[in-house]
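User: I am new to this structure and would be grateful for a close look at a single part of it. Please take one buried position and the packing around it, and then set that part beside the cores of the model.

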Amino acid sequence: MNSFVFATHNKHKVAEVQAMLPDYVQIRSLTEIGCKEEIPETSDTLQGNALQKAQYVFEHYHCDCFADDTGLQIDALQGRPGVYSARYAGEGCSFEDNVRKVLEEMKDVPMAQRAARFCTVVALLWEGNTYFFEGKVEGLITLERHGMEGFGYDPIFLPKGYSQTFAEMDAAEKNRISHRGRAIHALVGFLEKNLLLHSM
């Protein structure tokens, strides 16, 4: 069994990512390794924040690890919330607070001008080397919430070419097309290839 720390306390993200990994790769969350401190995210890029989190875990807990940072970029909001997506409504805010703020800011924006995209960057620190994996999905911000699945902005993000928001999709379908799914699939492909080489 190969073990990696996923630098998050978010149990939804851990479950989502574990479901995409092969059986011989096990991940542990920050909670599971006893990391209770707030890991700083001070970069102005998704890649910088992901690397900052992964490096913190590697340096303090000496574990192979990966971290992700995801941003929702909305054209009508000049790319906001971007790197501030998780705390767009303020420090300590909830998913619902963030969704409410976006919908309020976009209440007068017509559907034709509600283009947005989710972007995820994963930073992997493994055996002293650093690797990056990216995923992106285009879509629209809906006028109101739809669906009860997922988390974050899922109830208001309608991926391009689909009639359901991420929050209306089951986990398997969402993981197949989502930004995080695409980044993690790239990570999985890398691990499968390189773990196989290590075992030969």
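Analyst: A residue counts as buried when its relative accessible area is under 20%. In this predicted model, N98 has a relative accessibility of 2%, and therefore it counts as buried. N98 belongs to helix α3, which comprises residues 95-105. Beyond its neighbours within four places in sequence, N98 contacts S85, A86, R87, Y88 and A89, together with C93 and Y153.

Turning to the cores, the largest nonpolar core has 20 residues, and V17, F66, L124, I184 and L187 have the most contacts inside it. Two or more residues of this core come from each of β1 (2-6), α1, β2 (25-29), β5 (115-126) and α5 (179-199). The element that gives the most is α5, with seven residues. Another core, of 19 residues, lies apart from it and includes Y88, V102, Y153 and I177. Two of these names, Y88 and Y153, also appear among the contacts of N98.

Within the largest core, F66 touches F4, V5, F6, A7, V17, I27, V122, A123, L124, I184 and L187, residues up to four places away in sequence being left out.

V17 leads to helix α1 (residues 11-18), where K13, V14, E16 and V17 are buried. These residues lie on the same side of α1, because they cover an arc of only 165 degrees around its axis. In general, an α-helix has 3.6 residues a turn, so residues three or four places apart point the same way. At the start of α1, the backbone nitrogen of H12 has a side-chain oxygen of N10 within 2.9 Å.

Key: Residues are numbered from 1 along each chain as its sequence is written. This is a predicted model: local features need pLDDT of at least 70, side-chain atom pairs count only at pLDDT 80 or more; totals for chains, interfaces and linings use all residues. Side-chain values use heavy atoms; hydrogens and water are left out. Helices (H or I, at least four residues) and strands (E, at least two) are DSSP runs, numbered from the N terminus. Buried means under 20% relative accessible area, exposed over 50%, partly exposed in between (1.4 Å probe, protein chains only). Contact means heavy atoms within 4.5 Å. The arc is that of the directions from the helix axis to the C-beta atoms. A polar contact is a pair of N or O atoms within 3.5 Å; within protein, one must be able to donate a hydrogen and the other to accept it, and residues adjacent in sequence count only if both atoms are side-chain atoms. A nonpolar core is a set of buried Ala, Val, Leu, Ile, Met, Phe, Trp, Tyr and Cys residues joined through side-chain atoms within 4.5 Å.
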